[in-house]
Amino acid sequence: MANIMSNNEMTSFQDMLEVINQNYKSVCEKYDAISDAYYLKVETIKETLPKVQNDLRRLEELKNKVKNIKEQKETMMFDFLSAIESKPEIKEQYMKLLSSKKRSCKAKEKYMIKEIEKTILELLTFKNYDSIMKKIEENKEFIMSTESYRNMLVDKFKKICDNLLNHITFPFDEEIDINFHNKTINEIESIMVLINMLSEENEENPYVFEMLFSRINERYNLHFNSKVMTNNPSKPELFLTALNNWYTSNIVLIKKLICPILKKDSLWVDKKFKNMLLSLGVKKINDWLRKDKVMQNPEMLGHLLDSVLFSVTEVEGLYSLNEESTQNLLLVFYDDEDILERWLCMEKQTLKIVLNKYLDSLFNDKEVENYAESKEYSTNVSDILYVIQSSCQRYEMIKKIEVKKIFIKQMLEVLLLFRNDLLDIENNQENAISNVGIKVANILIKIHSTLKEMELYIFMEDEEMFMFELNILDDKMTYDEIIYSFKEIWLRLIDNQCNELLKKSDKYLTPYINERWHGMARNSIDIMNTANQEITESFLHFIYHLRSTYLKMETMYPSKWLEIIVDKMNHKLFSKIINDLIMKKNFNEYGAKQIMFDVKNGLITMLNDIFIHNDHYGLFKDSILCNSHYIKLIDFLNLLSMHPAVGLLLRDAAKDNPDEILIPKLDEFNFVGIVTREEILKILDRKCDLLS
């Protein structure tokens, strides 16, 4: 019985067999189709193979016949020439025959040239270019075989074309409406078609294209290859602007002429024209960089580099960072070792100058409690950030990864040494919130922020590049690790400065801490009507001092980072109240309720007032009540302000139950956060009014 399948199992098995059967039929059908196709191909090959083999045999026979005829012809000519050598009269007649034939060919050539020339001149008079084209097409084989006449025709048409181009003042120096010259342009196109017909084929550099570009080359030589004011390496923007103007002003006309003549699309023409113009750019910049006047002058070299970078990144038209032709223009600056070395030296010196200037300003800093210069971007700070930004934007154009690494490593080495100098200066300050200490913290976070923003220029979308390691100051670090070290130090300095600021409030907090919280009377607190309740007087002095501290922080730090700094300050403030007051004093129910009132209606109201009226904080004012230490403080005060009987029951429950059992039972107490068993026991131990 155990071997008998149930109905459900039988049905399932039948379904499986049905699926297998269907799959088998499908495979069989596919096999039959493939088999038929294969059989058809085999039969076709069997039929065509003999024919192909027969054709190959015939081809070989014809090849042999041609070879034999050629050999026979050569043999006959050799025999003939050998035979007439012994018969001078026959040789003389043969030579006369050859001479006559040559004269006949020349006469025929002259006649053909004269006849073609006459026809072309007549047609040119009426500008009948279609008929000229037809005439040339009829005699193209003769004309192309007669090189001297072909060159003469090309020169004739080119001269006509040059006159027409001069008439429309091509090349243009600024954009014009070419429709204004539409009739002349159509005539130019017709003549260029004739020139192209007579020119030797050259896919890479078509003659008609070279003819147009030669006129731009002439303009280039006039302005930038002669002793004129525009040929000035200290004003490269004139040259780069001229190249771009020649592109934007002439590309429309060039496309209109070249595309139909060469049967090329506009992208091909555009790329070709750009390559030609940028080849002039590469040539000129190379020429300037070979001059000592430029190489020995970092300011001039830097201006040349910045001008090229500006053109490539900002000027629309000729230049495009992603095109190979533009990359060749940029390659000039780092493909040669001498130029690369000069560039590296210039970058390093420029950065060190602005950094040293800032260090000097710190040494000469006068301790005046005015943080406006610390917070805002002073001239020295702006110079540092500008140099970093412009350097990184220049590095964007370097496509050779190894070369880019050299520049990045050099910049980071200089910045790390600067960071270390800043730390040495800060460590020598008497207190953390000195004017110098604030400036050090601010410049560190500004450098970190700038380097993070510049990652787009340095790395683009190359993740591998982002993770490469740099051996800097005998330590291997990634770019991310290096720039985070600036923020890490900044966080430590801010932590110390927040501690120092709060330490100054101790003398205002101490009287409040020393209030008799354990003996607070019930009648001092109106439980039913808190509207009549007043903030403890000693706490008001603490609040006023805190208010001035927070307002002063707005003048100390950059607004961009103010939210993070004040959030850290808030954590430390609430933590200080917990550690210095809650954990060290004893409280009865009414004392804890008074502190609760003071914190919510005094401290929090003051903080909200500051944050609400300052746009720098954004939505930060809404996050104060979410501060983890504030939540902990409120929960601890809730514990301390419990009725003694309730507190006693809670303490006993905490003693007898672990967290897993206790925490779910705390919902009825409306704690804001999570209070652990250890915290309950520790806080209730400070509640002095629990019944024994």
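Biologist: Which residues does Phe157 touch, not counting residues up to four places away in sequence?

Modeller: Happy to help, and please keep in mind that this is a predicted model. Phe157 is among the residues with the most contacts inside the largest nonpolar core. Leaving out residues up to four places away in sequence, Phe157 touches Ile120, Leu124, Ile132, Ile136, Ile191, Leu194, Ile195 and Leu198.

Biologist: How many residues does the largest nonpolar core have?

Modeller: Let's start with a general idea: in soluble globular proteins, nonpolar side chains tend to be buried together. Here, Phe157, Met192, Leu289 and Leu639 have the most contacts inside the largest nonpolar core. The number of residues in that core is 193.

Biologist: Which helix gives the largest share of this core?

Modeller: The largest share of the core amounts to 14 residues. They come from the helix that spans residues 236-262, which is helix 8.

Biologist: Now for charges! How many salt bridges does the structure hold?

Modeller: As a general rule, side chains of opposite charge can pair when their charged atoms come close. One of the pairs here is Lys452 with Asp480, at 3.6 Å from N to O. In total, the salt bridges in the structure number 29.

Biologist: How many residues apart are Lys452 and Asp480?

Modeller: The side chains of these two residues meet in a salt bridge. Lys452 sits in helix 17 (residues 435-453), while Asp480 sits in helix 20 (residues 479-503). The pair therefore links distant parts of the chain, and since buried means under 20% relative accessible area and exposed over 50%, Lys452 at 35% is partly exposed, as is Asp480 at 31%. Along the chain, their separation is 28 residues.

Biologist: Is Lys560, the salt-bridge partner of Glu453, buried or exposed?

Modeller: The closest N and O atoms of Glu453 and Lys560 are 3.3 Å apart. Glu453 belongs to helix 17 and Lys560 to helix 23 (residues 559-582), 107 residues apart. Glu453 has 42% relative accessibility, so it counts as partly exposed. Lys560 has a relative accessible area of 51%, and because the cut-off for exposed is over 50%, Lys560 is exposed.

Biologist: Which residue forms a salt bridge with Glu679?

Modeller: Glu679 lies in helix 28 (residues 677-684), and its partner lies in helix 25 (residues 628-640), so the pair ties together parts that are 47 residues apart in sequence. The closest N and O atoms are 3.2 Å apart. The partner counts as partly exposed at 25% relative accessibility. That partner is Lys632.

Conventions
Residues numbered from 1 in each chain as written. Predicted model: local features only at pLDDT ≥ 70, side-chain atom pairs only at ≥ 80, totals over all residues. Heavy atoms only, no water. Core = buried A, V, L, I, M, F, W, Y, C linked by side-chain atoms within 4.5 Å. Buried < 20%, exposed > 50% of the residue type's maximum accessible area, 1.4 Å probe, protein only. Helix = DSSP H or I, 4+ residues; strand = E, 2+ residues; numbered from the N terminus. Contact = heavy atoms within 4.5 Å. Salt bridge = Lys/Arg side-chain N within 4 Å of Asp/Glu carboxyl O.
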